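Please keep the sequence and the model in view while reading, and take the description one step at a time.

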Amino acid sequence: MSYEFPENLFFDKKHHVWCLPESELLVRIGIDPLGLASLGDLAYLSLNQNGSKVSRGQPIGMLEAAKMTGELISPVDGEIVERNQHVLNDPFQVNSEPYGAGWLVVLECENWSEDSKKLVTGRKVEAWSKDELKRYRDHGWIE
Amino acid sequence: MSEFPVRLICTGKIEPGLTQGLYHSLAKEMTESSTDTVIICSPSSPYLCIGYHQVLESVLDLEVCETLNLPVMRRCIGGGATFLDCNQIFYQCIFHNSRVPWRADKVYQMMLNAPINVLNRIGLRGSLRSINEVEANSVRIAGIGGGRVGEAMVVVGNLLLDFDYSLMSKVWHVPDQSFRNLAFATMEERVGTLKKLGCNHTLESLESYLTEAFVESLERPVHETQFEIQEIQAGRNSATNLSSFEFLSLHYPEGEVKPMKSLKISADVFIHHIRLQLDDRISEISVRVDNGIITDLQTESPRKTNIEKLMLDTPFSDWS
């Protein structure tokens with residue numbers, strides 16, 4: 001598996017969820033390869049309904065792999081305005097293209113300028129992702 | 001050895017809702033400062049429990065469930081529909097995610113050592129297969145599930161003292177009788193019970209063995225204790241949510257709800273239902289698949305012999 005961390009994205013350090021701001025209000029959300037590595041290939045995926053309010057740190061969906069389930073934790077406050085129907089029908093797309101076709105939801109953010117300060121982006125991504133990859137490899141969590 | 005203590009709570013037989021509600025409420029409330037907990041319990045009356053992502057009406061025949069007076073709950077972790085009753089003993093591990101291994105296989109090893117050691121202690125060959133399947137003498141003897149709920153890592157499982165195979169097969173919402181017959185026969189073969197394996201232990205003795213085994217295997221200080229009244233109330237509230245119409249209706253699809261087409265019986269053994277066109281005629285066929293290979297099938301088709309010649313010992317992937 002390739003562990004890439006594009007610098008144009010904003011990463012939630014704890015939950016390995018990425019954000020891509022698409023306008024002043026709208027942010028596309030997905031899960032990064034390290035977030036997926038702990039679960040493995042997804043068999044089922046559910047996402048909260050469009051229109052539902054979400055809070056930073058609260059679940060916005062559930063991921064189920066063959067042996068383990070995990071919650072998808074929102075990195076920002078907002079409201080779900082779009083869900084990726086393709087991944088709902090074929091959850092493995094999240095594993096195969098976590099930054100592309102495997103995106104999960106689009107949120108209308110309440111306060112992106114504040115929430116984004118808690119995320120890692122730009123030139124800080126390289127150092128953070130290097131440290132994370134080292135930590136994961138040192139623990140034997142990934143190869 | 002980590003100094004973080006673990007609470008171990010043996011409840012004996014408790015109301016069915018609490019056997020799901022307690023571990024859910026503990027998990028949802030867990031923070032890093034919470035105490036990790038192992039619950040050993042058994043339901044006082046039978047019920048059914050479906051996995052988080054299952055469509056209720058697709059996996060269970062609700063009319064049959066009602067006739068048999070079997071309540072249904074949905075859990076927040078995955079897996080399939082299970083029939084649970086007082087002939088099963090549950091172990092439920094609720095640990096903060098910072099105090100368990102990151103990898104799922106290591107989590108299961110940590111939590112399932114105890115039940116496997118119990119099986120060995122009572123004279124069976126206990127083993128862990130396919131990451132999280134507990135086997136005794138090479139047959140499945142337990143249903144295991146795990147997941148992250150809030151900040152908690154939860155692993156739940158059971159040991160089957162006895163099991164009502166017939167009742168379990170009656171409540172499935174299946175495509176046809178051939179599917180039910182094949183699934184029933186395969187389940188009888190692949191899922192064992194302590195009784196079938198010649199071990200006539202009581203719930204009380206297994207509770208005692210599991211307690212000792214968890215104390216030995218967790219390598220942490222383990223304190224046996226009881227639930228606080230508030231925790232029991234929180235468990236009841238959680239059970240109410242898990243059995244609510246709203247929660248049971250999750251994932252309801254648009255249009256007609258169809259019966260299940262696949263059923264996992266044990267690690268690497270599945271029953272699938274397929275429609276096959278042979279010479280302009282459609283045949284409905286239920287197949288048993290062991291490690292990807294069709295090993296048995298049932299069909300109402302008059303061309304059963306031909307279908308068997310075509311399909312048996314071939315990869316299921318050739319037909320699906």
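What follows moves from chain B as a whole to its domains, then to one small sheet, and finally to the contact with chain A.

It should be kept in mind from the beginning that this is a predicted model. Chain B contains 10 helices and 16 strands. Its radius of gyration is 21 Å, and because this value is close to the 20 Å that the globule rule gives for 320 residues, chain B is as compact as a globular protein of that length. If a box is drawn along the principal axes, the C-alpha atoms of chain B fill roughly 70 × 45 × 35 Å. Within the chain, 42% of the 320 residues count as buried. Among the contacts in chain B with a separation of 6 or more, 71% are made by residues that lie 24 or more positions apart in the sequence.

The next step is to see how the chain is divided. The domain assignment gives two parts of chain B, with domain 1 covering 6-248 and domain 2 covering 268-318. Taken over C-alpha atoms, the centres of domain 1 and domain 2 of chain B are separated by 33 Å. The two domains of chain B also touch, with 10 residues of domain 1 in contact with 11 residues of domain 2. On the domain 1 side of this contact in chain B, the residues divide into 4 nonpolar, 4 polar and 2 charged.

A small sheet can now be examined in detail. Strands of a sheet pair through backbone hydrogen bonds, and the pairing can be either parallel or antiparallel. In chain B, an open sheet of 3 strands has the order β7-β8-β9, and its pairing is antiparallel. Strands β7 (126-129) and β9 (139-140) of chain B stand at the edges with a single partner strand each, so one side of each is left without a neighbour in the sheet. Between β7(B) and β8 (residues 133-136) of chain B there are 4 bridges, and Ser127(B) has Glu135(B) in β8(B) as its bridge partner. Across β7 and β8 of chain B lies helix α4 (residues 104-121) of chain B, which runs at about 150 degrees to β7(B).

Finally, which chain does chain B touch, and how many residues take part? The contact is with chain A, and 13 residues come from chain B while 12 residues come from chain A. On the chain B side, strand β10 (residues 145-149) gives the most, with 3 residues. Sorted by class, this side of chain B has 5 nonpolar, 6 polar and 2 charged residues.

Note on methods: Residues numbered from 1 in each chain as written. Chains lettered and ligands numbered in written order. Predicted model: local features only at pLDDT ≥ 70, side-chain atom pairs only at ≥ 80, totals over all residues. Helix = DSSP H or I, 4+ residues; strand = E, 2+ residues; numbered from the N terminus. Rg over C-alpha atoms; globule rule 2.2 N^0.38 Å. Buried ≥ 20, exposed ≤ 12 C-beta atoms within 10 Å, placed from the backbone. Contact = placed C-beta atoms within 7 Å. Pairing = 2+ DSSP bridges. Axes fitted to C-alpha atoms, helices over the stretch in contact; angles between N-to-C directions. Nonpolar A, V, L, I, M, F, W, Y, C, P; charged D, E, K, R; others polar. Domains from an automatic or database assignment.
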